[in-house]
Amino acid sequence: MAQIHLILGGARSGKSRFAEQCATGLLEQGQVKQLYYVATAKAQDSEMQSRIFAHQANRDRRWQLIEESWHIDKLIREANEQALLLVDCLTLWLSHGLCEQGKAAAIDKKAQLLSALENTKATVILVSNEVGHGIVPLGELSRDFVDESGWLHQDIARLADRVDFVIAGLPQCLKGENV
């Protein structure tokens with residue numbers, strides 16, 4: 001049975017580790033058969049390459065890696081009921097959309113993502129940075145990013161079976177049953 005799980009948190013909050021634990025737990029319980037790690041980051045500089053390598057080094061061999069910075073809706077739509085897709089992270093995906101595709105394309109792609117989530121047969125865990133706890137940014141692109149990420153999180157939270165907020169490595173269940 002398809003499930004949507006949204007995991008939010010700040011930078012270095014432990015949200016990715018928690019997402020991986022949730023996913024491997026579902027695999028070990030027999031609820032899913034295949035684990036796919038959908039990485040949205042692009043290794044455009046040495047610091048980001050180091051971050052990506054660290055993430056990869058910490059994952060066990062049960063994961064199949066898919067690097068996809070933009071067309072995650074297609075992956076979600078095509079995944080079968082035995083698959084679990086862990087998408088890490090939506091804020092990098094949104095940044096790519098706003099900066100490289102343009103605001104109109106990002107809004108259109110968000111609608112495609114929401115449609116794919118509504119119709120998926122797979123279990124999907126989505127990881128994203130909560131960026132709305134600060135002040136309103138000065139620049140237009142930064143304001144657009146904060147606005148669009150907030151609206152994206154709200155829309156996915158409405159669809160999700162479970163929503164967690166992770167802070168200091170501690171998950172707080174906001175919606176759904178506590179694990």
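**Exercise 1. Packing of α4 and α6**

Task: In this predicted model, find the angle and axis distance at which α4 and α6 pack, and classify the arrangement.

Solution.
Step 1. The axes of α4 and α6 lie 10 Å apart, and the angle is about 130 degrees.
Step 2. Roughly antiparallel needs an angle over 145 degrees, and roughly perpendicular covers 65 to 115.
Step 3. α4 is therefore oblique to α6.
Step 4. The hand of this crossing of α4 and α6 is right-handed.
Step 5. On the α4 side, the residues are Leu 90, Thr 91, Trp 93, Leu 94, Ser 95, Leu 98 and Cys 99. They meet α6 through Leu 141, Asp 144, Phe 145, Glu 148, Ser 149, Leu 152, His 153 and Ile 156.
Step 6. Sorted by class, this contact of α4 with α6 holds 9 nonpolar, 4 polar and 2 charged residues.

**Exercise 2. The buried side of α4**

Task: List the buried residues of helix α4, name elements that cover them, and place His 96.

Solution.
Step 1. Helix α4 spans residues 90-101. Its buried residues are Leu 90, Thr 91, Trp 93, Leu 94, His 96, Gly 97 and Leu 98.
Step 2. Their cover includes the strands β1 (3-9), β4 (83-88) and β5 (123-129). Helices α3 (72-78), α5 and α6 are also among the covering elements.
Step 3. His 96 sits in helix α4. The relative accessible area of His 96 is 8%. The cut-off for buried is under 20%, so His 96 counts as buried.
Step 4. Beyond its neighbours within four places in sequence, His 96 contacts Lys 42, Ser 69, Trp 70 and Gln 101.
Step 5. Just after α4 comes Gly 102, with a positive phi of about 105 degrees.

**Exercise 3. Packing of α5 and α6**

Task: Classify how α5 and α6 cross, and give the make-up of their contact.

Solution.
Step 1. The axes of α5 (residues 103-119) and α6 (residues 140-159) come within 11 Å and cross at roughly 15 degrees.
Step 2. Under 35 degrees counts as roughly parallel, so α5 is roughly parallel to α6.
Step 3. The crossing of α5 and α6 is right-handed.
Step 4. Contact residues of α5 include Ile 107, Leu 113, Leu 114 and Leu 117. Those of α6 include Trp 151, Leu 152, Ile 156 and Leu 159.
Step 5. The contact of α5 with α6 has 8 nonpolar, no polar and 6 charged residues.

**Exercise 4. The annotated histidine**

Task: Locate the residue that UniProt lists as "active site" and describe its surroundings.

Solution.
Step 1. The unreviewed UniProt entry lists His 55.
Step 2. His 55 is in helix α2, residues 46-58.
Step 3. His 55 has a relative accessible area of 28%, hence partly exposed.
Step 4. Not counting residues up to four places away in sequence, His 55 touches Ser 16, Glu 20, Tyr 37 and Asp 88.

How values were computed
Residues are numbered from 1 along each chain as its sequence is written. This is a predicted model: local features need pLDDT of at least 70, side-chain atom pairs count only at pLDDT 80 or more; totals for chains, interfaces and linings use all residues. Side-chain values use heavy atoms; hydrogens and water are left out. UniProt positions are given in the numbering used here, feature names are shortened, and annotations may be inferred rather than shown by experiment. Helices (H or I, at least four residues) and strands (E, at least two) are DSSP runs, numbered from the N terminus. Buried means under 20% relative accessible area, exposed over 50%, partly exposed in between (1.4 Å probe, protein chains only). Contact means heavy atoms within 4.5 Å. Axes are lines fitted to C-alpha atoms, for helices over the stretch in contact, and angles run from 0 to 180 degrees between N-to-C directions. A crossing is left-handed if the near helix is turned anticlockwise from the far one by less than a right angle, and right-handed if clockwise. Ala, Val, Leu, Ile, Met, Phe, Trp, Tyr, Cys and Pro count as nonpolar, Asp, Glu, Lys and Arg as charged, and the others, Gly among them, as polar.
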